[in-house]
Amino acid sequence: MKAIAYILSAILIFFGVLFIWGAFSPEGKTGWIPVGIISVAIGFAIIWFTSRRKPAIGGEPGTNVTLNVDLPGNVNLDTLKCKSCGGSLTPENVKMVAGAPVVTCPYCNTTYQLTEEPKW
Ligand SMILES: [Zn+2]
């Protein structure tokens, strides 16, 4: 479906350019210029609509995945700090890898598994 739209728009742009080009040739008529411009405009409009439709359907799947990460109960994200540099981390820096929370520090790029520290 999408490929057909692109081919159709390519044909429209191609013939539109030919019309504009032809209008400037000795045998050409000036009346071909608006026809060519309209044809090219329709071609670009089809490309614009076709390329625009995709993100509307897909949405942003990445956002939901990050928010739904379940962390072990004892881990307090408000006071979560990087082991290497001590930089404060956000839930976005924690990803579930093979069922274990793994921290990727945005400051020093260190990646390590998040372990629960006992509070007693
Ligand atoms: Zn760090």
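**Entry 1: the strands**

I looked up Val 103 and found that this residue stands opposite Tyr 112 in strand S3. I note here that the model is a predicted one.

I then asked how S2 and S3 run relative to each other, parallel or antiparallel. Three bridges join S2 to S3 (residues 111-113), and the two strands run antiparallel. They form a hairpin with six residues between them. In that turn I looked up Asn 109, which has a positive phi of about 60°.

Next I turned to the other partner of S2. Strand S1 (residues 94-97) pairs with S2 in the antiparallel sense, over four bridges. Within this pairing, Val 97 of S1 has Ala 100 in S2 as its bridge partner. S1 and S2 also form a hairpin, with two residues between the strands. There Ala 98 takes a positive phi near 50°.

I asked why S2 can be described as largely enclosed by the rest of the structure. The strand covers residues 100-104, and four of its five residues are buried, so the description follows.

**Entry 2: the zinc ion**

Which atoms coordinate the zinc ion? I found the SG atoms of Cys 82, Cys 85, Cys 105 and Cys 108, at 2.2 to 2.3 Å. The spacing of these donor residues in sequence is C-x2-C-x19-C-x2-C. Cys 85 lies in the loop between helix H3 (61-67) and S1, whereas Cys 105 lies in the loop between S2 and S3; the pair therefore ties together parts that are 20 residues apart in sequence.

I also checked the geometry. The four donor atoms subtend angles of 103 to 113° around the zinc ion. Four donors count as tetrahedral if all angles lie between 85 and 135 degrees, so the arrangement is tetrahedral.

I then looked up the accessibility of three of the donor residues, for which buried means under 20% relative accessible area. Cys 82 counts as buried because its relative accessibility is 5%. Cys 105, at 1%, is buried as well. Cys 85 is partly exposed, with a relative accessible area of 41%.

Finally, I asked how many disulfides there are. A disulfide is a covalent bond between the sulfur atoms of two cysteines. The count comes to zero.

**Entry 3: Ser 9**

I looked up Ser 9, which has its place in helix H1 (residues 2-24). Is this residue buried or exposed? Its relative accessibility is 0%, so Ser 9 counts as buried. Leaving aside residues up to four places away in sequence, I found that Ser 9 touches Gly 43, Ile 46 and Ile 47.

Technical notes
Residues are numbered from 1 along each chain as its sequence is written. This is a predicted model: local features need pLDDT of at least 70, side-chain atom pairs count only at pLDDT 80 or more; totals for chains, interfaces and linings use all residues. Side-chain values use heavy atoms; hydrogens and water are left out. Buried means under 20% relative accessible area, exposed over 50%, partly exposed in between (1.4 Å probe, protein chains only). Contact means heavy atoms within 4.5 Å. Two strands pair if DSSP finds at least two bridges between them. A disulfide is a pair of cysteine sulfur atoms within 2.5 Å. Donors are N, O and S atoms within 2.8 Å of the metal (3.2 Å for Na, K and Ca); water is not among the atoms, so sites may look incomplete. Four donors count as tetrahedral if all angles lie between 85 and 135 degrees; four count as square planar and six as octahedral if opposite donors are over 155 degrees apart and all others between 65 and 115; anything else is irregular.
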